[in-house]
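Here is a short tour for a reader new to this structure. Keep the sequence and the model in view as you read.

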Amino acid sequence: MSSVISRIEKEFIFKFLIQNKINFEIKSGKNSTFANLLEYNINELKIECVSVLEEMLEKEAEIEVFFYFQNNYHTFKSKVLRLKGSLVIIENPRVMLKNLQRKFDRIAINGKLNLKFSIKGDLIKLNYPETEITYYPTKPPFTADFYDVSISSILKKFEEKISSYITKSQIKMLRHYKPQSFEEQVVIKYGKVLYIPDTRADLPQNQIIPEFNIILKADWVKYEMLKNKTQAYLINKEISTKLKSMAENDITSEAIFPILYRNYVVGLICLFNSFLINHPITPKILNYTYNFCRVLSYILKENGYFKEEEGNIQRYMVPIFDLSPGGLSFSHDNNFFEDKLLVNNNFQFLIEMDNKPIRILAKLVRKFKNLSKYYYGFMFIDIKRNDFDYLNSYLYGDLVK
């Protein structure tokens, strides 16, 4: 028998799904796909689908959403309001159900299965210039133009895209490069985009690009006084001289983008227009390059470009004490894990069952000491549906002897 989730509990669940990037299943007709919740309000949910079902393209298509949370199946029905690519807006359901028949008891495993997991050491400082903005790259949306994890592929695609719209572009990685020009240095200082629409005019004094912040004249002035100790009454002359020099070097418009990773600038993308293309770099190209910087940061991370920051990774294998499709616990004879495993932290688990690897994202929800043993209890927050079903069969189908 199912029970209805309260409005407050429903909002808590939505926040949890967003924070932990939990996959849920969407069914429409006889087909299904997976998605993540990105945003929600009182009327709508914004989700991103791995693939959009053909049934979802119909007007106000009805869907059923399914996910597993805190040892219970949850489900709600909704309808598609609008969609663009893989981004889909669905109706915020009035009713969400929790299926109480799906509650599972933990089964005592007592060491018959082992759990493998790793714990990263403290982050090691990277050898890149630091900036005032912190950005940690996340997986780009499926609608992004750059979804290939090959660095050479996305660099080629980027170059092909912008080559018809600008005179020249450069990508400078800062691992073996020291910024030279004032423009590069001011970008690194603030972590924002330097955009000079016209070197024959003044620097922008207002935010003219809605999608991201650019370095304003006030920022330039502040850094000029900080770096070169230029007196206030000489600032305008100094800026005018720099812009004039750029124009004399056949630069009519310029944009420099920082490639951000955490609080570092790991690279710069420089765009130039000359008298050959005698107009400002367009907002379309600016937005495209801005998004490319974020995709490139993610791809670099996924390809191990920043691996040296991870320091030592300690890997462990421990016997599982008890297990259910929604969580597990293990015990240890001493306090070895006490300062390594913190409540509410997430961990990637690997369980091998009958030569079948099951990978799970789990959260440590409690730990306690009983007599001389230390116990650690985890809740699964992301597990593939087929792995969940396999665990269910394994544990409750008399496969554990």
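## A salt bridge across the chain

Arg262 has a relative accessibility of 24%, so Arg262 counts as partly exposed. The model it sits in is predicted. The side chain of Arg262 meets that of Glu309 in a salt bridge, at 3.2 Å from N to O. This pair links distant parts of the chain, 47 residues apart. Glu309 lies in the loop between α6 (283-302) and β15 (313-319), while Arg262 belongs to strand β14 (residues 253-273). Glu309 is buried, with a relative accessible area of 4%.

## Other salt bridges

The count of salt bridges comes to 18. One of them joins the side chains of Asp198 and Arg200, at 3.0 Å from N to O. Asp198 is partly exposed, at 24% relative accessibility. Arg200 is also partly exposed, at 46%.

Glu238 and Lys242 form another salt bridge through their side chains, at 3.1 Å from N to O. The two are four residues apart in helix α5, so about one helical turn separates them. Glu238 is partly exposed, at 29% relative accessibility. Lys242 is buried, at 18%, which falls under the 20% cut-off. Glu224 joins in too: Glu224, Glu238 and Lys242 are linked in a network of salt bridges.

## Helices α4 and α5

How do two packed helices get described? The angle between their axes and the distance between the axes describe them. Here, helix α4 (residues 217-228) and helix α5 (residues 235-248) pack at about 105°. Their axes are 11 Å apart. That angle makes α4 roughly perpendicular to α5.

Which residues of α4 meet α5? They are Lys217, Trp220, Val221, Glu224 and Met225. On the α5 side, the contact holds Ile235, Asn236, Glu238, Ile239 and Lys242. The residues of this contact divide into five nonpolar, one polar and four charged. Glu224, Glu238 and Lys242 thus appear both in this contact and in the salt-bridge network.

## Helix α3

Helix α3 (residues 182-190) is largely enclosed by the rest of the structure, because eight of its nine residues are buried. The buried residues are Phe182, Glu183, Glu184, Gln185, Val186, Val187, Ile188 and Tyr190.

What do these buried residues pack against? Four strands and helices named here are among their partners: β11 (130-135), β12 (168-173), α4 and α5. The partners also include β13 (194-196) and β14. Just after α3, Gly191 takes a positive phi of about 70°.

## The eight-stranded sheet

Strands of a sheet pair through backbone hydrogen bonds, either parallel or antiparallel. An open sheet of eight strands is found in this model, and its pairing is antiparallel. The order is β9-β16-β17-β20-β19-β18-β10-β15. The edge strands are β9 (107-108) and β15, and each pairs on one side only.

At the β15 edge, seven bridges join β15 to strand β10 (residues 114-120). These two strands run antiparallel. Within this pairing, Phe117 has Tyr316 in β15 as its bridge partner.

Helix α7 (residues 385-396) packs on the sheet. Helix α7 touches β9, β16 (322-324), β18 (346-353), β19 (356-370) and β20 (373-382). The direction of α7 makes about 65° with that of β19.

How values were computed. Residues numbered from 1 in each chain as written. Predicted model: local features only at pLDDT ≥ 70, side-chain atom pairs only at ≥ 80, totals over all residues. Heavy atoms only, no water. Axes fitted to C-alpha atoms, helices over the stretch in contact; angles between N-to-C directions. Parallel < 35°, antiparallel > 145°, perpendicular 65-115°, else oblique. Contact = heavy atoms within 4.5 Å. Nonpolar A, V, L, I, M, F, W, Y, C, P; charged D, E, K, R; others polar. Salt bridge = Lys/Arg side-chain N within 4 Å of Asp/Glu carboxyl O. Buried < 20%, exposed > 50% of the residue type's maximum accessible area, 1.4 Å probe, protein only. Pairing = 2+ DSSP bridges.
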